[in-house]
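Grab a coffee and open the viewer. Here are some short exercises, each with a solution worked out step by step.

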Amino acid sequence: MHNVVEKAEGKLGLLMPGLGAVATTLIAGVEAVKKDLAQPVGSLTQMGSIRLGKRTENRYPKIKEFVPLADLNDIVFGGWDVYSDNVFEAAMKAKVLEPMMLHAVKAELEAIKPMKAVFDKAYIANLDGDHIKEAATKADLAKALMDDIENFKEANDCARLVMVWCGSTEKYIEESEVHQSIEVFEAGLQNNDPAIAPSMIYAYAAIKLGVPFMNGAPNLTCDIPALIELAKQTDTPIGGKDFKTGQTLMKTILAPGLHARALGVKGWFSSNILGNRDGLVLDAPENFKTKEVSKLSVLDEIFRPESNPELYGDMYHKVRINYYPPHGDNKESWDNIDIFGWLGYQMQIKINFLCRDSILAAPLVLDLALFSDLAKRAGMSGIQEWLSFYFKSPQTAEGLNPEHDIFKQLIKLQNTLRHMMGEDLITHLGMDYYQDLVEAM
Ligand SMILES: NC(=O)c1ccc[n+]([C@@H]2O[C@H](COP(=O)([O-])OP(=O)(O)OC[C@H]3O[C@@H](n4cnc5c(N)ncnc54)[C@H](O)[C@@H]3O)[C@@H](O)[C@H]2O)c1
């Protein structure tokens, strides 16, 4: 595969449905980094390095020097929102970054104005913007989005595009008949099937045009057979769901460690308070349900209670999110973990994470944009499981359990990059460093 990775020449358009806290923090951040005002901390593509070859070779290049990624100076931002605020106004309202930081990149942010959204209040009860497209059918709305995408590409002289869903979490829906094939899905667009959510219309528009699509929210969106099939047909990388930040990030760091030491877990109670617009949307029970499903699967996949019933068979796992406006984007989470060790003796771990949601999410949007563009140039299409590293509820092929352990996810990501570039994969076996021993065996 390594001989077919095309270079990242020309501009890359990054289109985001939803120019809220996460998207504006990303855009302002990239502009600040370009002016040397701050560092892109938390972004593996910008700050991370990768080991190549044997440990004795001492080769640890930066990832961005190893694989051909788009340069930050070549990214052009665009997006849609149900509110007409430009990115500067939206970022000021989101109150994630200091006004001083935002003023330093004001001109760049003010120039980005959202396109009219495809939106349906039936999917997000707690929002009521009016910057919305009107059309008779969902098929017309998809066509309008495709026109937006093509016009954006031309107006900004982009060589390539990617789309990352940064919109609010939609209400919970399950896969149904209309999601099963491209034909029924397209018929559903024509006759306004209620099971086709707005996020699916964006995903359809992007995938139809061969634009990589990554889903940062827990909505089903592109995780349906129809859009997986379309992605294969149009050679488009897709991935999701739900950026892995905050409490779930901590869970997938800590749980693999407890599991690795064969320590038991009796209960894991997670509660959160947050006061941003995301928190407001999640205050509606049908939207919280979507988030809850995404957050709950994580521990079961790591602990595998069915193969370890003595340690994890009775584990009680609960997740709560409460809307608490005074905290704004500064989410506070508490985890109480009841664990047990040798002879069943009990212990407790308490985590109180005072995190900043969008500060943790923004670098993930950047990495997903750059890596999905890389995947496209490497000729990889369909579900990009190697990007599970970034998601709470990774999209996988049907019948395949997702990998949640962040360390295994990282190994998979790094090996995929090595594979793309024709470098040896690293198995961490390391027997060859002890050649005498190997020969004696
Ligand atoms: N911040 C995090 O750490 C984090 C982690 C995981 C997932 N997420 C998810 O990322 C998404 C964005 O989070 P946020 O904090 O920026 O939320 P936000 O509420 O600040 O921004 C979301 C924006 O999407 C817009 N929107 C909603 N539906 C839309 C549509 N159909 N078309 C266009 N725009 C639409 C809203 O008007 C809003 O401006 C949410 O779904 C959230 O659950 C965030």
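Two residues are in contact if their C-beta atoms, placed from the backbone, lie within 7 Å. This is a predicted model, where local features need pLDDT of at least 70 and side-chain atom pairs count only at pLDDT 80 or more, while totals for chains, interfaces and linings use all residues. Residues are numbered from 1 along each chain as its sequence is written.

**Exercise 1: the two domains**

Find the domains, then describe where they touch.

Step 1. The bounds come from an automatic or database domain assignment. That assignment gives domain 1 (2-243 + 358-420) and domain 2 (247-354).

Step 2. Now look at the spacing: 26 Å separates the C-alpha centres of domain 1 and domain 2.

Step 3. Count the contacts. On the domain 1 side 28 residues take part, and they touch 27 residues of domain 2.

Step 4. Which helices help build that side of domain 1? Both α15 and α16 (406-420) put in at least two residues each. Helices here (H or I, at least four residues) and strands (E, at least two) are DSSP runs, numbered from the N terminus.

Step 5. Sort the residues of that side by class: twelve are nonpolar, nine polar and seven charged. For the sorting, Ala, Val, Leu, Ile, Met, Phe, Trp, Tyr, Cys and Pro count as nonpolar, Asp, Glu, Lys and Arg as charged, and the others, Gly among them, as polar.

**Exercise 2: the seven-stranded sheet**

Trace the open sheet of seven strands and work out its edges.

Step 1. Pairing first: two strands pair if DSSP finds at least two bridges between them. Strands of a sheet pair through backbone hydrogen bonds, either parallel or antiparallel.

Step 2. Read off the order, which is β3-β2-β1-β4-β5-β6-β11, with parallel pairing.

Step 3. Why do β3 (115-116) and β11 (382-383) have one side without a neighbour in the sheet? Each has a single partner strand, so they stand at the edges.

Step 4. Check the link from β2 to β3: two bridges, running parallel. D81 has K116 as its bridge partner in β3.

Step 5. Move on to β1 and strand β2 (residues 75-81), a parallel pair with six bridges. Here G13 sits opposite V76 in β2.

Step 6. On to strand β4 (residues 158-165), joined to β1 in parallel by five bridges. L15 pairs with M163 in β4.

Step 7. Is strand β1 (residues 11-17) largely enclosed or open? Six of its seven residues are buried, so the rest of the structure largely encloses it. A residue is buried if 20 or more other C-beta atoms lie within 10 Å of its own, exposed if 12 or fewer, and partly exposed in between; C-beta atoms are placed from the backbone.

**Exercise 3: the strands around β7**

Compare how strand β7 (residues 264-274) pairs with β9 and with β8.

Step 1. With strand β9 (residues 332-340), β7 pairs in the antiparallel sense over nine bridges. G267 faces D338 in β9.

Step 2. With strand β8 (residues 316-323), β7 runs parallel, joined by eight bridges. S270 is opposite V319 in β8.

**Exercise 4: the nonpolar core**

Find the residues with the most partners in the largest nonpolar core.

Step 1. A nonpolar core is a set of buried Ala, Val, Leu, Ile, Met, Phe, Trp, Tyr and Cys residues joined through C-beta atoms within 7 Å.

Step 2. The largest core has 106 residues, and V164, I201, I207, L227 and V365 touch the most other members. Helix α15 (residues 357-377) gives the most to this core, eleven residues.

Step 3. Zoom in on α15, where L368 lies. L368 has 26 C-beta neighbours inside 10 Å, so it counts as buried. Leaving aside neighbours within four places in sequence, its contacts are V164, M214, L387 and Y390.

**Exercise 5: around the ligand**

Describe the shell of residues around the ligand.

Step 1. A residue is near the molecule if its C-beta atom, placed from the backbone, lies within 6 Å of it. Of the 36 residues around the ligand, G18, G20, V22, A217 and R277 come nearest.

Step 2. Which helix gives the largest share? That's α15, with four residues.

Step 3. Split the shell by class: 20 nonpolar, eleven polar and five charged residues.

Step 4. Finally, go back to the domains: domain 1 and domain 2 each supply at least three residues of the shell.
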